[in-house]
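Take a walk through this structure with the sequence at hand. Start with its rings, then move on to its sheet and its core.

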Amino acid sequence: MLNWMRSIEKIPSIPGILTGLEELARYLYEELGTGAVMCELGSFAGESTEVFARVFSVVHAVDPWVDSCGAPSIQEVEGSFDERARVAENVTKHKMTSDEALALWPDGVFDFVYVEDRKSTRLNS
């Protein structure tokens, strides 16, 4: 696990961290039920991926893992994602840009798409 990030075990004891995302995930579970499939565009170290993996049957996580955004190394960031995805077991990793991923799937394939990618030319146009 990344030593420069908070540990997922500590999240419940730290007020406000990921709470909004967890509330969104609970709401989506109530609305979509079991068996829902989602895509996350911009997964980075996998913190939000881990939250979504708790409520969706399949999470497609997309990130090119090329920019560490201030972290010690992109290898460490991607390693954190890989560890979280391995534990979750229902995460499919797609190492590519969001623009590349958007070309893979037709409209309507996902029950929910979470966008945290600021670099996509297709999403930002």
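**Aromatic pairs, sheet and core**

Searching the whole structure turns up 6 aromatic pairs. One of them joins Phe52 and Phe56, whose ring centres are 6.1 Å apart. Their planes stand at 70°, so this pair is edge-to-face. Keep in mind that the model is predicted.

Are these two rings buried or exposed? Phe52 has a relative accessible area of 0%, so it is buried. Phe56 reaches 3% relative accessibility and also counts as buried, because the limit for that is under 20%.

Another edge-to-face pair is made by Trp105 and Phe110. Here the ring centres lie 5.0 Å apart, and the planes meet at 80°. Trp105, at 21% relative accessibility, counts as partly exposed. Its partner Phe110, at 18%, counts as buried. The cut-off of 20% falls between these two values, so the two residues get separate labels.

Aromatic residues also gather in a group. Phe52 and Phe56 form one aromatic cluster together with Phe112 and Tyr114. Elsewhere a ring meets a charge: the charged end of Lys93 sits over the ring of Trp65, 4.9 Å from its centre.

Now turn to the sheet. It is open and has 4 strands, in the order 3-2-1-4, with parallel pairing. Which strands stand at the edges? They are strand 3, residues 91–95, and strand 4, residues 112–115. Each has a single partner strand, so one side of each is left without a neighbour in the sheet. On average, neighbouring strands are turned by 15° against each other, direction ignored.

Look at one pairing in detail. Strand 2 covers residues 58–63 and pairs with strand 3 in the parallel sense, over 5 bridges. Val62 stands opposite His94 of strand 3. Helix 3, residues 74–88, packs on the sheet and touches both strand 2 and strand 3. The direction of helix 3 makes about 150° with that of strand 3.

The loops on either side of this helix deserve a stop. Most residues other than glycine have a negative phi. Cys69 is not a glycine, yet its phi is positive, about 50°. This residue is found in the loop between strand 2 and helix 3. Cys69 counts as exposed, at 58% relative accessibility. Glu89 also has a positive phi, about 70°, without being a glycine. Its place is the loop between helix 3 and strand 3. Glu89 is exposed, with a relative accessible area of 70%.

Finally, go to the interior. The largest nonpolar core has 22 residues. Among those with the most contacts inside it are Met38, Val59 and Val91. Phe52, Phe56 and Phe112 belong to that list too, and these three are also members of the aromatic cluster. Which elements give two or more residues to this core? They are helix 1 (19–32), helix 2 (47–53), strand 2, helix 3 and strand 4. Helix 3 gives the most, with 4 residues.

Val91 shows how parts of the chain meet. Leaving aside neighbours within four places in sequence, Val91 is in contact with Thr49, Ala53, Val59, Ala61, Phe81 and Ala85. Apart from the largest core lies another one, of 6 residues. Cys39, Leu41, Met96 and Ala101 are among them.

Note on methods
Residues numbered from 1 in each chain as written. Predicted model: local features only at pLDDT ≥ 70, side-chain atom pairs only at ≥ 80, totals over all residues. Heavy atoms only, no water. Pairing = 2+ DSSP bridges. Axes fitted to C-alpha atoms, helices over the stretch in contact; angles between N-to-C directions. Contact = heavy atoms within 4.5 Å. Buried < 20%, exposed > 50% of the residue type's maximum accessible area, 1.4 Å probe, protein only. Phe/Tyr/Trp six-rings, centres within 6.5 Å; stacked < 30°, edge-to-face > 60°. Lys NZ or Arg CZ within 6 Å of the ring centre and 35° of its normal. Core = buried A, V, L, I, M, F, W, Y, C linked by side-chain atoms within 4.5 Å.
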